[in-house]
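Please look over the model shown here before reading the points that follow.

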Amino acid sequence: MSIVSKLRHTALAAGIALGAAAASGPVLAAGDAAHPEAQDWHFEGIFGTVDRASAQRGLQVYLEVCATCHGLRQVAYRNLHDLGFTEEEIKAIAANYEVTDGPNDEGEMFQRAALPSDKFVSPFANEEAAKAANNGAAPPDLSLQVKAHAGGPDYIYALLTGYKDAPADKEVPAGSNYNPYFPGEFIAMPAPLFEDGTAYTDGTNATVQQQAWDVVNFLQWAAQPEMEARKKLGFKVVIFLIILTAILYAAKRKMWSNVHH
Amino acid sequence: MSAGTHQTGGTGSGLVKWIDSRLPVFTYLQKEYAEFEAPRNFNWFWNFGAILTFMLVMMIATGIFLAMQYQPNTMLAFDSVERIMRDVNFGWLLRYLHANGASFFFIAVYIHMFRGMYYGSYKAPRELLWMLGVIILLLLMATAFMGYVLPWGQMSFWGATVITNLFSAIPLVGDMIVTLLWGGFSVDNPTLNRFFALHYLFPFLIFGVVILHVIALHVTGSNNPTGVDPKGPQDTVPFHPYYTLKDSVGLAVFVTIMAAFVFFAPDYFGEPENYLEAAPLKTPAHIVPEWYFLPFYAILRSIDFDIWFIEAKLGGVLAMFGSIFVLFVLPWLDKSPVRSGRFRPVFKWFFLILLLDCLLLGYVGGHSPDNKVFEGVEWLKVIHLGYLGTFWYFFHFLILLPLLGIFERPKPLPKSISESVLGGGSTGAAATAKPMEKA
């Protein structure tokens with residue numbers, strides 16, 4: 001009896017079980033929305049990294065466009081260091097925003113400029129204020145949006161670039177906008193991006209697609225800032241484990257060589 | 001007995017002997033994990049006991065460190081998990097190991113159980129061993145369910161709401177039980193607090209039952225792929241180093257696969273919507289449990305009709321718990337005297353069908369009952385497959401297995417493990433017994 005054939009047989013069965021478990025894993029919650037086209041992102045794949053130039057531009061899009069309504073409360077200004085911003089630049093970005101601090105030694109709350117250690121300042125003081133300013137529906141925080149949708153990056157890119165006039169047979173309710181990629185097709189957010197809506201500091205031509213592309217790169221970093229460290233460590237761990245497996249297998253074979261089984 | 005007559009820790013230093021004569025831990029380890037005689041013919045499916053032991057320890061270890069950073073309060077829970085992901089040193093690794101660990105724990109448990117079912121490991125004298133295993137499964141499911149609530153995402157909240165509401169179907173005391181589970185009148189902060197407390201407690205209960213499971217195993221000894229009891233030393237090898245090494249190989253492969261997910265696709269098994277904070281006023285379009293509960297969820301939803309005086313909701317709950325209860329009494333449902341599926345020509349095929357049935361139920365559990373199965377085939381809805389899958393599950397255990405025990409003609413068994421292993425020159429039984437391994 002050959003060990004290899006036995007191993008193959010067992011591994012196949014285990015693989016089927018694992019594959020079946022995996023296949024039932026991500027459950028599609030598609031609804032009736034149009035399917036976003038898959039894009040070729042820099043961060044995808046086991047070798048993927050953050051496209052820093054794009055993510056830096058994406059920060060500009062976020063701050064100048066999205067931040068009017070959407071918070072980013074899980075991310076601190078100091079985290080921008082990961083994207084290649086210097087300490088001075090980070091201080092300058094944070095200083096544009098005000099936070100409430102205190103109480104001071106007189107028991108008063110006070111306003112001060114945000115510091116790098118502060119989280120991104122949300123546009124609204126609280127959920128109720130956000131609702132009141134937006135027809136009763138608070139704009140979602142963007143920190144985790146990329147992870148919160150199946151096919152997150154492609155979905156957000158499709159959504160941002162997918163606004164168009166509604167087909168003649170569909171009546172758009174008041175206060176809504178037509179977007180085939182949004183579940184239910186009617187979205188409260190008006191088209192946020194326009195040609196040259198952002199004056200990129202690096203001179204990139206700010207098409208709608210470019211801005212959407214950049215802001216998705218930024219938001220994907222914001223959703224999983226650990227990604228590069230994770231993949232880098234992952235290589236070491238997986239290679240180590242493969243070598244360990246090989247050594248253990250060799251030891252096992254040697255030990256079992258005198259046993260017919 | 002006087003001290004000094006009980007010197008058993010043969011090898012080892014004076015200190016080891018000193019301890020061992022007072023508390024024979026070394027003797028115990030030597031006896032139960034080194035000299036312990038195990039059948040020589042285990043295949044790789046016998047690795048999963050060791051893998052599961054590792055997983056339990058890994059989950060407890062990562063869980064304890066997560067608990068040091070986690071805040072069981074509805075106002076703080078979601079953000080505290082994100083803080084673990086972003087600001088705690090290697091917090092992302094702890095959390096992804098713990099979250100993916102739950103999935104891989106269940107993968108290993110299900111392989112371990114199906115192995116036991118195929119090779120008849122639940123049959124006499126291993127009935128209690130098997131039943132302890134089913135208790136471990138139940139505790140594991142409760143632990144996983146409560147753990148999934150802790151990040152306080154949308155699926156945490158709505159999953160908790162749906163599942164705890166099931167208990168309200170129980171006549172008379174149902175509502176009381178639900179109030180007790182919630183600690184109030186909806187899923188809220190008291191619910192999160194008690195789930196956290198119990199999620200921390202249950203793994204140690206599991207650990208206790210695992211100890212009983214192992215004690216029971218070491219009384220009866222392991223089953224093996226032939227299902228034939230070892231007849232003597234020629235049929236066994238010492239557990240150490242033979243199976244410690246073989247288990248290590250299997251464990252290393254398993255951990256490698258898990259690591260690939262943890263580092264390169266950490267959210268693969270997760271539900272994206274759980275990255276949105278719980279919003280009690282915003283019901284998600286589809287509330288789905290984690291993948292490892294999908295077959296049970298399918299059975300729950302497939303009873304959407306009243307059965308006599310039993311309302312559909314209660315019927316679904318009974319069917320769901322019944323699907324685990326039949327496992328509990330499996331040793332008495334399967335009447336065949338032959339353990340291993342290798343020598344059961346009919347059972348073998350029905351086992352495969354059961355496996356496919358469970359996968360089908362997994363598919364059903366993950367999709368809306370009134371969805372079409374195939375685009376363009378109007379009459380076939382997911383719920384229809386749910387009826388079929390649920391029917392077959394119970395038909396297999398309650399009707400087929402008892403009947404197979406009576407009507408199936410098993411193939412001749414090898415006289416012993418060593419005969420089956422050494423094969424050549426012996427009876428035809430051994431040759432037909434292991435066709436796979438003749439290749």
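1. Chain A has a mean pLDDT of 86, pLDDT being the predictor's confidence in each residue, from 0 to 100, and 87% of the residues of chain A reach 70 or more. This is a predicted model, in which local features need pLDDT of at least 70, side-chain atom pairs count only at pLDDT 80 or more, and totals for chains, interfaces and linings use all residues. Residues are numbered from 1 along each chain as its sequence is written, while chains are lettered from A and ligands numbered from 1 in the order in which they are written.

2. Among the elements of chain A, the lowest mean pLDDT (47) belongs to helix α1 (residues 3–23) of chain A and the highest (96) to helix α7 (residues 227–256) of chain A; helices are DSSP runs of H or I with at least four residues, numbered from the N terminus. Over residues 10–31 of chain A pLDDT stays under 50, and the model has 30 contacts beyond four places in sequence for them, where two residues are in contact if their C-beta atoms, placed from the backbone, lie within 7 Å.

3. Met258(B) lies in helix α10 (residues 239–264) of chain B. Met258(B) counts as buried because 22 C-beta neighbours lie inside 10 Å, the cut-off for buried being 20 or more other C-beta atoms within 10 Å of the residue's own. Leaving aside residues up to four places away in sequence, Met258(B) touches Asn100(B) and Phe104(B).

4. Met258(B) and Gly184(B) are 74 residues apart in sequence, and their C-alpha atoms are 39 Å apart in space.

Technical notes
Helix = DSSP H or I, 4+ residues; strand = E, 2+ residues; numbered from the N terminus. Buried ≥ 20, exposed ≤ 12 C-beta atoms within 10 Å, placed from the backbone.
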